[in-house]
Amino acid sequence: MTHVAIVGGGVAGLSTAYFLRRAGEEVTVFEAHRVGSGASHGNAGWLCPAQAGPLAEPGLAAHGLRHLASPDSPLYFAPRHVPRMLPWLLRFARHCNGRDYRRGVEALARLGRRTFELFEAMEDDGVELELHRRGLLLAAEEPGLLKGFLEGLAPMRELGYEIPRTVLDGPGTRELEPQLSEDVRAGALLTQHWHVQPATLMSGLAARLRELGVRIEEGVDVHELDGTDCRRPRLRTSGGDHEADVVVVAAGAWSARLTRRLGFRLALQAGKGYSFEVAAEPPLRQALELVDAHLGLSQFATRLRVAGTMEFSGVNLRLDERRIGAMIRGVARALPGLPLHRVEHRWVGMRPLVPDGLPVVDRVPGHERIFVATAYSMLGMTLGAPAAEALAGFIRTGRRPAELEPFRADRFA
């Protein structure tokens, strides 16, 4: 039996722990705070393999530069942070082209094929979570904007996903969601879309892992990894030193800090996402994406969560109320009946990103027994489980699965 130490108790770390333990390995998870307290906590919880694409879309870098100083922009670069991230931005801009984007879409789509199947299997195995299989309604004020959005998803059809070919008019869209305003003049329904309440997924996974015998050490910060002993990597933590046969770094935006000590510089930036919650009565019928405002809405059992934005301002958890205000205005145009004067649970979290917008799921170069699983961008919920299943197989056999080939750690060398 191999003892695997996992650094990070978010969706990537807990999912990896789950598949390793189900395969019979001994697993310990180290989490600096509480499980699921980072980027895995306040997101929209979307399981959206039919929409999986890298952030580095064609033309996105130019759009970001045009709106560089506007805190209302869905993509925002804090001016004071730009000089520090300029090398990363230049590499990101080089990936904002049609060829790289198409390759990224295909790689993510293949990895995400088993997302729904794996979530159902976890439910059957006793992981308690709040899961909704209602689809996603795309809504837009401008029909042309939605048509372009669907054209961008067209490559998914060739990979077996169902993408709508026609756009509904305003009345047809409101038949699917009556609370939408008259400003919404176009819509389309994506059926291959589920969403999960993230906190229930994290607590459900943690509870099941403990039942299976996994040790979860909360409040233990891993300060440093020592890989000089290639057979037994050592973790130096706030709770003392620990050894393991294998280490997996799944610490989100903090992963680069740990891999740097191993001689591997991971070009990682933190793209902040924001969310808030509001009571919706009656509740929305399905998840909703406001295409014009770049906002995602997930109806949970007790609250409606609104999530969105991508802010680059460094590794910190500062919440900019201007961003929340811009999100509220975007929602108000489409759903004027919501009680947006009573916004609750404002949240900000850091999505880890590398320049090509794809995950990094691989062995750390030069270290046979240390692996990394990070840079899931906005797709941690969608890809966390299938990537973890593949990574567990990689760790146990030493053979990299084909579906992980596009996510090699050495592709930036």
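This passage describes a predicted model, beginning with a six-stranded sheet and continuing with aromatic pairs, cysteines and backbone geometry.

The sheet is open and has mixed pairing, with its six strands in the order S10-S2-S1-S14-S21-S20. Its edges are formed by strand S10, at residues 215–218, and strand S20, at residues 360–363, each of which pairs on one side only. From one strand to the next, the twist averages 15 degrees. In general, the strands of a sheet pair through backbone hydrogen bonds, in either a parallel or an antiparallel sense.

Within this order, strand S1 (residues 3–7) runs parallel to strand S2 (residues 26–31), and five bridges join the two; isoleucine 6 has valine 29 of S2 as its bridge partner. S1 is also parallel to S14, to which it is joined by four bridges, and here alanine 5 stands opposite valine 247 of S14. The pairing of S14 with S21 is likewise in the parallel sense and extends over three bridges, with isoleucine 370 in S21 as the bridge partner of valine 247. Valine 247 is thus placed opposite alanine 5 and is also partnered by isoleucine 370 in S21.

The side chains of strand S14 (residues 246–249) alternate in direction, since Val246 and Val248 point one way while Val247 and Val249 point the other way, and all of these valines are buried. Helix H1, which spans residues 11–22, lies across S1, S2 and strand S21 (370–374), and the helix runs at about 170 degrees to S2.

Aromatic contacts were examined next, and the count comes to six aromatic pairs. The rings of phenylalanine 77 and phenylalanine 312 have centres 5.1 Å apart and planes at 10 degrees, so this pair is stacked. Because phenylalanine 77 lies in strand S4 (residues 75–77) and phenylalanine 312 in strand S18 (residues 304–312), the pair ties together parts that are 235 residues apart in sequence. Phenylalanine 77 counts as buried at 3% relative accessibility, and phenylalanine 312 counts as buried at 1%. A second pair is formed by phenylalanine 371 and phenylalanine 394, whose ring centres are 5.3 Å apart and whose planes stand at 80 degrees, so the arrangement is edge-to-face. This pair links distant parts of the chain, with phenylalanine 371 in strand S21 and phenylalanine 394 in helix H12 (residues 380–397), 23 residues apart. Phenylalanine 371 is buried, with a relative accessible area of 2%, and phenylalanine 394 also counts as buried, at 1% relative accessibility.

Ring pairs further link Phe77, Trp88, Phe92 and Phe312 into a cluster. Elsewhere, a charged side chain is placed over an aromatic ring: arginine 133 lies over the face of tryptophan 194, at 4.8 Å from the ring centre.

With regard to cysteines, the structure holds zero disulfides. Cysteine 48 takes part in no disulfide, and the nearest cysteine sulfur, that of cysteine 96, is 19 Å away. Seen from cysteine 96, the closest cysteine sulfur is that of cysteine 48, and the separation of 19 Å is too far for a bond, given that a disulfide requires sulfur atoms within 2.5 Å. Cysteine 48 counts as buried at 7% relative accessibility, and cysteine 96 is buried with a relative accessible area of 12%.

The backbone was then inspected for less common geometry, against the background that most residues other than glycine have a negative phi and most peptide bonds are trans. A cis peptide bond joins glutamate 281 and proline 282, with omega at about 5 degrees, and proline 282 is placed in the loop between strand S15 (269–278) and strand S16 (287–290). Histidine 294, although not a glycine, has a positive phi of about 55 degrees; this histidine is found in the loop between S16 and strand S17 (295–299) and counts as partly exposed at 48% relative accessibility. Alanine 375 also has a positive phi, near 65 degrees, in a residue other than glycine. The place of alanine 375 is in the loop between S21 and H12, where alanine 375 counts as buried at 1% relative accessibility.

Notes: Residues numbered from 1 in each chain as written. Predicted model: local features only at pLDDT ≥ 70, side-chain atom pairs only at ≥ 80, totals over all residues. Heavy atoms only, no water. Pairing = 2+ DSSP bridges. Axes fitted to C-alpha atoms, helices over the stretch in contact; angles between N-to-C directions. Contact = heavy atoms within 4.5 Å. Phe/Tyr/Trp six-rings, centres within 6.5 Å; stacked < 30°, edge-to-face > 60°. Buried < 20%, exposed > 50% of the residue type's maximum accessible area, 1.4 Å probe, protein only. Lys NZ or Arg CZ within 6 Å of the ring centre and 35° of its normal.
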